[in-house]
Amino acid sequence: LFEAAVQKAPTVPELHVNLALAYFRLNRTTEAVAELEKATSLAPNDAHLQFQLGSAYVDMKDLPRAAAALESGLAKSTDPKDPLVYEARLTLASVYFASSAPDKAQQQYEQALTLQPNGAGALLGLGKVQFSRGNVKDAQASFEKVVASHAGTPQATEAAAFLAELKKQNP
């Protein structure tokens with residue numbers, strides 16, 4: 001159905017996105033990414049398409065292309081209150097962290113916190129970066145904020161595990 005729609009109207013980016021989503025559901029990731037790439041070429045200024053493409057590259061473990069797409073989307077985003085901007089910053093930060101670029105990761109987490117000052121994902125990620133850099137006091141403070149503000153969430157559970165490990169290392 002979606003393939004037929006794309007054949008009839010190949011210049012409509014939304015149809016390529018719909019086909020990409022269908023391919024993702026069928027675990028046809030390579031084809032899904034190709035459709036997202038077509039969609040972004042048809043709508044090069046659409047930040048949300050760049051975010052989707054970046055996330056798809058993350059799923060494929062293609063971190064350099066993920067970073068490029070997410071950076072492009074953030075550069076094109078015009079609404080700082082858009083909740084997808086926060087999510088894109090978290091994703092980009094995790095890409096940077098996985099790519100051994102903690103400075104860039106920390107910058108993205110800090111920018112995410114300007115959008116959601118108590119965001120669990122940003123606080124947890126920032127704590128991980130701080131911990132990896134040996135900044136134990138700041139990491140502990142970040143983890144404590146997650147636990148205190150987001151009790152019962154997966155992020156709070158993960159932060160509590162980090163805090164327990166920190167207490168073992170520094171009784």
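Here is a guided walk through this chain, from its overall layout to a few residues worth finding on screen.

Let's start with the whole. What you have is a predicted model, and its chain holds 10 helices and zero strands. Reading from the N terminus, the order of elements is simply α-α-α-α-α-α-α-α-α-α. The C-alpha trace spans about 65 × 30 × 30 Å along its principal axes. Of the 171 residues in the chain, 38% are buried. Counting contacts with a separation of 6 or more, 40% link residues that sit 24 or more positions apart. To get a feel for the span, try picking Val12 and Val147: these two are 135 residues apart in sequence, and their C-alpha atoms are 45 Å apart in space.

Now to the interior. In soluble globular proteins, nonpolar side chains tend to be buried together. Here, the largest nonpolar core has 45 residues, and the members that touch the most others are Phe51, Tyr109, Ala122 and Phe143. Helix 6, covering residues 83-98, gives this core its largest share, with eight residues. Phe51 is a good place to look around. Setting aside neighbours within four places in sequence, Phe51 contacts Leu70, Gly73, Leu74, Ser77, Leu84, Val85 and Ala88.

Phe143, another of those well-connected core members, leads us to the aromatic residues. How many aromatic pairs does a search of the whole structure find? There are two. One joins Phe131 and Phe162, whose ring centres are 6.2 Å apart with 65 degrees between the planes, an edge-to-face arrangement. Phe131 belongs to helix 8 (residues 120-132) and Phe162 to helix 10 (residues 154-169), so this pair ties together parts that are 31 residues apart in sequence. The other pair brings together Phe143 and Phe162: the ring centres are 4.7 Å apart and the planes meet at 15 degrees, so these rings count as stacked. Because Phe143 lies in helix 9 (residues 136-149) and Phe162 in helix 10, the stacked pair ties together parts 19 residues apart in sequence.

Taken together, Phe131, Phe143 and Phe162 form one aromatic cluster. How do these three rings stand towards the surface? Phe143 is buried, because its relative accessibility is 0% and the cut-off for buried is under 20%. Phe131, at 27% relative accessibility, counts as partly exposed. Phe162 is also partly exposed, at 23%.

Two of the helices in this cluster deserve a look of their own. The axes of helix 8 and helix 9 come within 8 Å and cross at roughly 160 degrees. That angle makes the two helices roughly antiparallel, because angles over 145 degrees are counted that way. Their crossing is left-handed. On the helix 8 side, the residues at the meeting place are Ala120, Leu123, Leu124, Leu126, Gly127, Lys128, Gln130 and Phe131. Helix 9 answers with Asp138, Ala139, Ser142, Phe143, Lys145 and Val146. Notice that Phe131 and Phe143, both part of the aromatic cluster, appear among these residues too.

Further along helix 9 you will find Val147. With a relative accessibility of 30%, Val147 counts as partly exposed. Leaving out residues up to four places away in sequence, Val147 touches Ala156, Ala159, Ala160 and Leu163.

Finally, let's visit two loops. Which phi value does Asn27 take? Its phi is near 60 degrees, a positive value in a residue other than glycine. Asn27 sits in the loop between helix 2 (13-25) and helix 3 (29-42), and with a relative accessible area of 68% it is exposed. Lys61 also has a positive phi without being a glycine, in this case near 65 degrees. Lys61 is placed in the loop between helix 4 (47-59) and helix 5 (63-76). At 68% relative accessibility, Lys61 counts as exposed.

Definitions and conventions:
Residues are numbered from 1 along each chain as its sequence is written. This is a predicted model: local features need pLDDT of at least 70, side-chain atom pairs count only at pLDDT 80 or more; totals for chains, interfaces and linings use all residues. Side-chain values use heavy atoms; hydrogens and water are left out. Rings of Phe, Tyr and Trp (its six-membered ring) pair if their centres lie within 6.5 Å; planes under 30 degrees apart count as stacked, over 60 as edge-to-face and the rest as tilted. Helices (H or I, at least four residues) and strands (E, at least two) are DSSP runs, numbered from the N terminus. Buried means under 20% relative accessible area, exposed over 50%, partly exposed in between (1.4 Å probe, protein chains only). A nonpolar core is a set of buried Ala, Val, Leu, Ile, Met, Phe, Trp, Tyr and Cys residues joined through side-chain atoms within 4.5 Å. Contact means heavy atoms within 4.5 Å. Axes are lines fitted to C-alpha atoms, for helices over the stretch in contact, and angles run from 0 to 180 degrees between N-to-C directions. Angles under 35 degrees count as roughly parallel, over 145 as roughly antiparallel, 65 to 115 as roughly perpendicular and the rest as oblique. A crossing is left-handed if the near helix is turned anticlockwise from the far one by less than a right angle, and right-handed if clockwise.
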